[in-house]
Amino acid sequence: MTENLIHVLTLVAPSFLIIAAGSFYSIVSKSDPDYLIQVTMKALVPAFAFHQILQMQIQIDVLSTVFLCAWCIMLGCGLLAFVIFRGLSLPIKGLYLPIMFMNTVNLPFPILLSAYGEKAIFFTLSFYLASILGVFTIGVLIVSSENSSYPVLKEPVIYVIAAAFYLKYSDTHVPSVLTHTLDILQRATIPIILLALGMQLTQTRLTQIKESLIAAACRMVGGFLIGNLCVWAFHLEGLARKVVLFNSIMPGAVLTYMVAQRFNTDSDRVASMILISTLLSILLIPLILLYLD
């Protein structure tokens, strides 16, 4: 247990250091992260998605089952939060985003790679694709004006994902100059997302700790219970089962803060929940790894 905890802390330490660097920079420079958010949402995230899909080495039939599990977990956590929020009279629609959409990149990728090898990355890409698609469709609809799908149609990442899948499975040649350019852009995505979160956290007071803890429980405990139901229902075994259950307890996605910030919907609460759930994941990750062995 102790060795696993030390190993996990070593793996997640770079993410926390980048968040801390963003916080320090914001305190020193008093900069507003809004412009950085716009650049990330419009350029870096689409480039990241496009590049990852083109590089993906996994059959579509294998991808689909794990992809379906990811959607079941996301929607199930959203439904659980809806019931709890209604019962507690908490009209906080922004918190649905980090509850439904888990961190599928900067925590799962390095840890799963270290624990299970490159094959695990192919499975966890299903969660990444489901999460990023969900954020920019259902997520945007939740935090934008009611009954309005227009913001979804304005998100470039939706068209980029569609184009990437077409190019990937139609065997269309993609010029190397384009792939190299996208590779450079996608490498910057995760660090800049983390820097932006760190900058926002310096402007956020943790005054909604109770709400954040409730939301974190919906995301992580609820996700784990629904994840177990999914692997039972779809008869998943081996590495696919491990990847589904591991991703089911991941903290709220940093990207959801950016969406909430962009649409000015409970972004402080979203940032608070992401911070608390990420800190809790330091304890939960070694426990889930022990459970999966």
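Trainee: What makes the residues lining the second largest cavity nonpolar, polar or charged, and how many are there of each?

Mentor: The lining has six nonpolar, four polar and no charged residues. Ala, Val, Leu, Ile, Met, Phe, Trp, Tyr, Cys and Pro count as nonpolar, Asp, Glu, Lys and Arg as charged, and the others, Gly among them, as polar. Keep in mind that this is a predicted model, where local features need pLDDT of at least 70, side-chain atom pairs count only at pLDDT 80 or more, and totals for chains, interfaces and linings use all residues. Residues are numbered from 1 along each chain as its sequence is written, and side-chain values use heavy atoms, leaving out hydrogens and water.

Trainee: Why is a space like that called a cavity?

Mentor: Rolling a probe the size of a water molecule over the atoms shows where empty space is left. On a 1 Å grid over the protein atoms alone, a cavity is a set of points where a 1.4 Å probe fits but cannot get out, while a pocket is an open set with protein on both sides within 12 Å along at least five of seven lines. Points are joined across faces, edges and corners, and the volume is the space filled by probe spheres set on them. By this rule there are two cavities of 30 Å³ or more.

Trainee: Which residues line the second largest cavity, and how much space lies in it?

Mentor: About 60 Å³. Its lining (residues with an atom within 4 Å of a point) is S15, F16, I19, N103, N106, L107, L194, L197, V254 and T278. Helix 1 (2-29) and helix 9 each give two or more residues, and helix 1 gives the most, with three. A helix here is a DSSP run (H or I, at least four residues), numbered from the N terminus.

Trainee: And what lines the largest cavity?

Mentor: Its volume is about 230 Å³, and of its 18 lining residues T104, V105, Y128, I193 and L255 lie nearest the centre. Helix 2 (34-55), helix 6 (118-143), helix 9 (176-201) and helix 12 (254-262) each give two or more. The lining has 13 nonpolar, five polar and no charged residues.

Trainee: Why is helix 2 called oblique to helix 12?

Mentor: Their axes, lines fitted to C-alpha atoms over the stretch in contact, with angles from 0 to 180 degrees between N-to-C directions, come within 10 Å and cross at roughly 120°. That makes the pair oblique, since angles under 35 degrees count as roughly parallel, over 145 as roughly antiparallel, 65 to 115 as roughly perpendicular and the rest as oblique.

Trainee: How do you know which residues make the contact?

Mentor: Contact means heavy atoms within 4.5 Å. D34, I37, Q38, T40, M41, K42 and V45 of helix 2 meet L255, Y257, M258, V259, Q261 and R262 of helix 12. By class that is seven nonpolar, three polar and three charged residues.

Trainee: What about helix 2 and helix 9: at what angle do they pack?

Mentor: About 135°, with axes 7 Å apart. These two are therefore oblique to each other as well. Their contact includes L44 and F48 of helix 2 and I193 and A196 of helix 9. It has 15 nonpolar, six polar and one charged residues.

Trainee: What volume does the largest pocket have?

Mentor: About 280 Å³. Among its 15 lining residues, V105, F109, P110, L113 and I190 are the closest to its centre. Helix 1 gives the most to this lining, with four residues.
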